[in-house]
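Welcome! Let us walk through this structure together, one question at a time.

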2 protein chains.
Amino acid sequence: MKLLALSGSLRAASINSALLRAAARLAPSGIEVEVFGAMGELSLFNPDRESDPPLPVVRLRRAVDAADALLIASPEYAHGVSGVMKNALDWLVSFAPFAGKPVAVINASPRAAHADTALKETLRTMSAVLVDEACVAIPLLGAGLDEQGMVDAEAVAAPIQRALEALCREAARRRPLDDATFPLG
Amino acid sequence: MKLLALSGSLRAASINSALLRAAARLAPSGIEVEVFGAMGELSLFNPDRESDPPLPVVRLRRAVDAADALLIASPEYAHGVSGVMKNALDWLVSFAPFAGKPVAVINASPRAAHADTALKETLRTMSAVLVDEACVAIPLLGAGLDEQGMVDAEAVAAPIQRALEALCREAARRRPLDDATFPLG
């Protein structure tokens, strides 16, 4: 089971990026989490380049296509979704393999409700399958934990692992339907 | 009176960009509208570069600082603010001269209420002064008008000119307060 993780912050010390790296280390056996490394290299979305996108966009689309599900963590800036995250999603709006993909949104600062709500509205509009059980809020803002601290803290590691498992259950439940190549009747 | 216009779309045939270019041509005498030309050259926002931003960001900030007010037109993508527009705003969140700047949001597709609402929430959170009278909805999506068509169409030109005038009235009303260097009493 392959999960693709997208962080909406380019800050080196971003808690959202650290959370996703921690998730990659906490993933149970059989679940592989790849944190997408080129969020900051994506061009700004230009509809005129939809059919001939720049290379980092091609890489993003390939990674999305290859993933069984997506894991998203993104900061709130000025009561809105970060431009970095929205820009990545804008490149995926008309990318067919995105639709129907199970997605978990991890909110690292639960008081930031505006961006969380807006991000989920956009994901639903893009026909992603938001997996409610896997969308967890973990109050990390101000907790002073780095990646290692998150891995070590039971209060962080346990909900992350439960979220990964819930996300993968949903992805597994959907996969056989997609793979059915013979009549079932 | 100088207005800076920001378009949230990089598409060559964008109705939002055409609307802002039309506004520049329709501006009454004494009002100069500059459409910012480097929206697509801005780097993706990185908080680590806040104090040492890339050159296009420096240009954006200088243009904002020099403007008496801002005129914004931006598309809705997947029920959200375009990443292009949000990314530009993310670079301005902690740029002090942005706060208190009068802003008009022109909505060229009034059925797109999600992005319009979210954009205004972000602008208010950034302490911009949203000028209600200058925030107009002009149903252009599907109208088939290009820049010249907008200039020529009374139903477009008239509300744009009223919006520019309302925005400038607010900017003028605020300017003397900022410039007051002597005791008024």
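Q: How many residues does each chain bring to the contact between chain A and chain B?
A: This is a predicted model, in which local features need pLDDT of at least 70, side-chain atom pairs count only at pLDDT 80 or more, and totals for chains, interfaces and linings use all residues. Residues are numbered from 1 along each chain as its sequence is written, while chains are lettered from A and ligands numbered from 1 in the order in which they are written. Two residues are in contact if their C-beta atoms, placed from the backbone, lie within 7 Å. By that rule, chain B gives 29 residues and chain A gives 29 residues.

Q: Which element supplies the largest share of the side of chain B that touches chain A?
A: Helices (H or I, at least four residues) and strands (E, at least two) are DSSP runs, numbered from the N terminus. In chain B, β5 (80-81), α3 (83-90) and α4 (113-125) each supply at least two residues of the side that touches chain A. The largest share, six residues, belongs to α3(B).

Q: How do the residues on the side of chain B that touches chain A divide into nonpolar, polar and charged?
A: Ala, Val, Leu, Ile, Met, Phe, Trp, Tyr, Cys and Pro count as nonpolar, Asp, Glu, Lys and Arg as charged, and the others, Gly among them, as polar. Sorted this way, the side of chain B that touches chain A has 14 nonpolar, ten polar and five charged residues.

Q: Which strands stand at the edges of the open sheet in chain A?
A: Two strands pair if DSSP finds at least two bridges between them. The five strands of this open sheet in chain A follow the order β2-β1-β3-β6-β7, with parallel pairing. Each edge strand has a single partner, so one side of it is left without a neighbour in the sheet; these strands are β2 (32-35) and β7 (129-130) of chain A.

Q: Which residue is the bridge partner of A:V103 in β7(A)?
A: Strand β6 (residues 102-106) of chain A runs parallel to β7(A), and two bridges join them. In β7(A), the partner of A:V103 is A:L130.

Q: At what angle does α4(A) run to β6(A)?
A: The 13 residues of α4(A) should span 18 Å at 1.5 Å a residue, and its end C-alpha atoms are 18 Å apart, which agrees; the expected span is 1.5 Å times one less than the number of residues. Axes are lines fitted to C-alpha atoms, for helices over the stretch in contact, and angles run from 0 to 180 degrees between N-to-C directions. Helix α4 (residues 113-125) of chain A lies across β6 and β7 of chain A, and its angle to β6(A) is about 175 degrees.

Q: Which residue just after α4(A) takes a positive phi?
A: Within the helix, the buried residues are A:A115, A:D116, A:A118, A:L119, A:T122 and A:L123. Here buried means 20 or more other C-beta atoms within 10 Å of a residue's own, exposed means 12 or fewer, and partly exposed is in between, with C-beta atoms placed from the backbone. Just after α4(A), a positive phi of about 65 degrees is taken by A:S127.

Q: Is A:P47 buried or partly exposed?
A: A:P47 sits in the loop between β2 and α2 (55-66) of chain A. Its C-alpha is 9.9 Å from that of A:S94, 47 residues apart in sequence. With 18 other C-beta atoms within 10 Å, A:P47 is partly exposed.

Q: Which residue of β7(B) stands opposite B:V103?
A: In chain B, β3(B) and β6(B) pair in the parallel sense over four bridges, and B:L70 has B:V103 as its partner in β6(B). Two bridges also join β6(B) to β7(B), again in parallel. The residue of β7(B) opposite B:V103 is B:L130.

Q: How many other C-beta atoms lie within 10 Å of B:A104?
A: B:A104 belongs to strand β6 (residues 102-106) of chain B. Five of the five residues of β6(B) are buried, so the strand is largely enclosed by the rest of the structure. B:A104 touches residues including B:L71, B:I72 and B:L167. It is buried, and the number of other C-beta atoms within 10 Å is 26.

Note on methods. Lists of a residue's contacts leave out its neighbours within four places in sequence.
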